[in-house]
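Student: Could you take a close look at one helix for me and walk me through how it sits with everything around it? I'd like one connected story rather than a list.

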Amino acid sequence: MASLLHRLAAIIAFLCIATFFSATILVELSGSAEAIATLKSLIVWPGLLILVPSIAFTGASGFALAKGRGGKLVRQKQKRMPFIGANGILVLIPCAVVLDHWASLGAFGTSFYVVQGVELIAGAVNLILMGMNMRDGLRLSGRLRRSA
Ligand code: HEM
């Protein structure tokens, strides 16, 4: 049960970041200021409302599942989690809030695109780290065979 909830929360968190990331690139390519502003607003609300608890729950349930368990895979997952959390709280959330504010004012200057670039890089880093945690989690639960 705990493992199922951990897996569900992990998938929701991963899909949130993947959706925000790809939708951001798509609306930027569309070039419509209105579409960009709408997306920036949706990422903050309800986006962050779904993303923040799902990452927090993934971390907390992961540490609970790891109790009394050792091994390289668990240690590597544990080490990645503070980076995933800090990246979310210190970079992704502030970027999302600032970009939403600027987009609502129609302020699409250099600062907007610098912060947008930082947000995309931080999002990509978290997708990679979360992807590695998923791979190691699936190995731990026996759903994915370890390569030799
Ligand atoms: C965002 C970060 C994380 C993601 C995306 C993630 C993802 C996953 C996934 C997909 C599984 C497979 C679950 C299943 O097959 O039922 C799993 C299992 C597991 N995860 Fe995580 N996890 C994360 C964080 C953590 C953390 C911080 C720990 C603590 C060390 C952890 C410990 C475990 C353990 C011990 C299992 C094996 C559970 C079992 O035996 O069924 N996870 N994880």
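Tutor: Let's take H4, keeping in mind that this is a predicted model. H4 has 31 residues, which at 1.5 Å a residue should span 45 Å, and because its end C-alpha atoms are 45 Å apart, the length agrees with expectation. Right after H4 comes Gly142, with a positive phi near 85°. For background, most residues other than glycine have a negative phi.

Now, which residues of H4 are buried? They are Gln116, Glu119, Gly123, Asn126, Met130, Asn133, Asp136 and Gly137. It helps to remember that residues three or four places apart on an α-helix point the same way, because there are 3.6 residues a turn. As for partners, the buried residues of H4 pack against H1 and H3.

Start with the H1 side. A good residue to look at is Ile17, which touches Gly123, Asn126 and Leu127, along with Leu51 (leaving out residues up to four places away in sequence). Gly123 and Asn126 are on the buried list for H4, and Ile17 is on the one for H1, together with His6, Ala9, Ala10, Ala13, Phe14, Phe20 and Thr24. The cover over those H1 residues includes H2 and H4. H1 itself has 29 residues and reaches 42 Å between its first and last C-alpha, close to the 42 Å expected. Just after H1, Gly31 also has a positive phi, about 75°.

Ile17 turns up again in the largest nonpolar core, which has 18 residues: Ala13, Phe14, Ile17 and Ala96 touch the most other members. The elements giving two or more residues to this core are H1, H2 and H3. In general, nonpolar side chains tend to be buried together in soluble globular proteins.

On to the H3 side. Buried there are Lys77, Ile84, Gly88, Leu92, Cys95, Ala96, Leu99, Asp100 and Ala103, and their cover includes H2 and H4. H3 has 34 residues and reaches 49 Å end to end by C-alpha, close to the expected 50 Å. Still, H3 bends by about 35° at Gly88, one of its buried residues. Gly106, just after H3, takes a positive phi of about 75°.

H2 has its own oddity: Pro46 is found in that helix, and the peptide bond leading into Pro46 from Trp45 is cis, with omega near 10°. As a rule, most peptide bonds are trans.

H4 also matters for the ligand. Of the 27 residues around the ligand, the ones that come nearest are Ser3, Ala10, Gly62, Gly137 and Ser141. H1, H2, H3 and H4 each give two or more residues to that shell, with the largest share, seven residues, coming from H1. By class, the shell holds 14 nonpolar, nine polar and four charged residues. So what else do we know about Gly137 and Ala10? Gly137 is one of the buried residues of H4, and Ala10 is buried in H1.

Stepping back, the chain has four helices and zero strands, and its C-alpha trace spans about 50 × 30 × 20 Å along the principal axes. Buried residues make up 24% of the 148 in the chain. Among contacts between residues at least 6 apart in sequence, 79% join residues at least 24 apart; one to find on screen is Ile17 with Asn126.

How values were computed
Residues numbered from 1 in each chain as written. Predicted model: local features only at pLDDT ≥ 70, side-chain atom pairs only at ≥ 80, totals over all residues. Near = placed C-beta within 6 Å. Nonpolar A, V, L, I, M, F, W, Y, C, P; charged D, E, K, R; others polar. Expected span 1.5 Å × (residues − 1). Bend = angle between axes of the 7 residues up to and from the residue. Buried ≥ 20, exposed ≤ 12 C-beta atoms within 10 Å, placed from the backbone. Contact = placed C-beta atoms within 7 Å. Core = buried A, V, L, I, M, F, W, Y, C linked by C-beta atoms within 7 Å.
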